[in-house]
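Student: Could we go through this model together and check each term against its definition?
Tutor: Gladly, here it is.

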Amino acid sequence: EKGGWDSFMDKEIHEDPAAVADTLRGRYDVNGDLDLDEVHISPDVFRQIDKIIVIACGTASYAGLVAKYAIEHWVRIPVEVELAHEFRYRDPILTPRTLVVAISQSGETMDTLMALRHAREQGSRVLAICNTRGSSIPRESDAVLYTHAGPEIAVASTKAFVAQIVATYLLGLYLAQVKGTMYRDEIHQMVDSLKAMPPKIQQVLDTQSETVRRTAARMLEARSFLFLGRHVGYPVALEGALKLKEIAYTFTEGFAAGELKHGPIALVEPGEPVVIIVPSSRGRDILHNKVISAIEEVKARGAYTIAVAEEGDPDVGRYADVVFWRPQCPTLLSPLVDVVPLQLFALDMAELKGLDVDKPRNLAKSVTVE
Ligand code: BG6
């Protein structure tokens, strides 16, 4: 039951920290080495993998897109992310050394199931990342790595998303471990940083909720929103846009910040709300400066700018009308905190509009038809 919360979605957003902690638990040993014996794919087989293809739909596909940045960096093999419904119709290149990763909260999404059947028929191994024990997708896969987010009832996915990111990261670090593409110390450090994330997510919930709600209250008349991000902030922008469209019925578009000048900037007119995911400013990250200039660009055209930025960022305050602050963390882990205010923002917008946040119109929790 809702246990005192106004909606399942509200409850489930507040379970983001636990979803991360529970998905990590038991998957590393005392030294910080990854232990994924439960997957029942031998290290030898993992060592042979030379390409990953993620298949998924909706929110799960954005978790896959986040994973692409981390796994390519750590493991040095290509990671493709494909919407499950597009996958089998284009005759994808699959070999026995391709690992297909099917991500699904429910485990019953027909598009994803059909795609994984196709991959197996072509002789590739399929690993499911799934939140529902005994569901069709893990049953039909060669192996499974469960997310431990607990049951997700609200149609719009929230805690499953952060758990999916963690599961893909565990897979990536494990691959790096068996292939030797990272130093053990680096792996241990990353595991430690992952373990430190639940309290950071909690901090966002504790300190940012009020600002988020106040911002939502001011934006109720907005007819559309643009979301932009770069690097791992790009899939976060897509997910933030999807949440708002799903439950607040607001027209949104998420895009890569670098695309701004190639088209979307034409949409910016005075008052247009633009949400920007800002990378860390530490280490004088070049991406930080580029995203800051994107804010400047839209601001100069009268946009109302809402930034998600790291505490201590010296530049964002000059251009952003509102900032949702995140605690410092490694760049690759920032999606785990950056998505939280965007989940809350969609929830608040929908609630303030008097909509049914758990059961948005026209949508189903799991789509069991192709
Ligand atoms: C959609 C749901 O139809 O399916 C989304 O409304 C979800 O919230 C998507 O992200 C994929 O679902 P699943 O269960 O395969 O992760």
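Student: What makes up the shell around the ligand, by residue class?
Tutor: The shell divides into five nonpolar, seven polar and two charged residues. Here Ala, Val, Leu, Ile, Met, Phe, Trp, Tyr, Cys and Pro count as nonpolar, Asp, Glu, Lys and Arg as charged, and the others, Gly among them, as polar. This is a predicted model, where local features need pLDDT of at least 70, side-chain atom pairs count only at pLDDT 80 or more, and totals for chains, interfaces and linings use all residues. Residues are numbered from 1 along each chain as its sequence is written, and side-chain values use heavy atoms, leaving out hydrogens and water.

Student: How many residues surround the ligand, and which are the closest?
Tutor: There are 14, and the closest are Thr59, Ser104, Gln105, Ser106 and Thr109; a residue is near if one of its heavy atoms lies within 4 Å of the molecule.

Student: Why is the approach of Thr109 to the ligand called a polar contact?
Tutor: The term asks for a pair of N or O atoms within 3.5 Å. A side-chain N or O atom of Thr109 is 2.5 Å from a ligand oxygen atom, so the pair qualifies. A polar side-chain atom of Ser106 also lies 2.6 Å from an oxygen atom of the ligand.

Student: Why do Lys51 and Glu80 count as a salt bridge?
Tutor: The rule wants a side-chain nitrogen of Lys or Arg within 4 Å of a carboxyl oxygen of Asp or Glu. Their N to O distance is 3.6 Å, so the pair passes.

Note on methods:
Polar contact = N/O pair within 3.5 Å; in protein donor to acceptor, adjacent residues only side chain to side chain.
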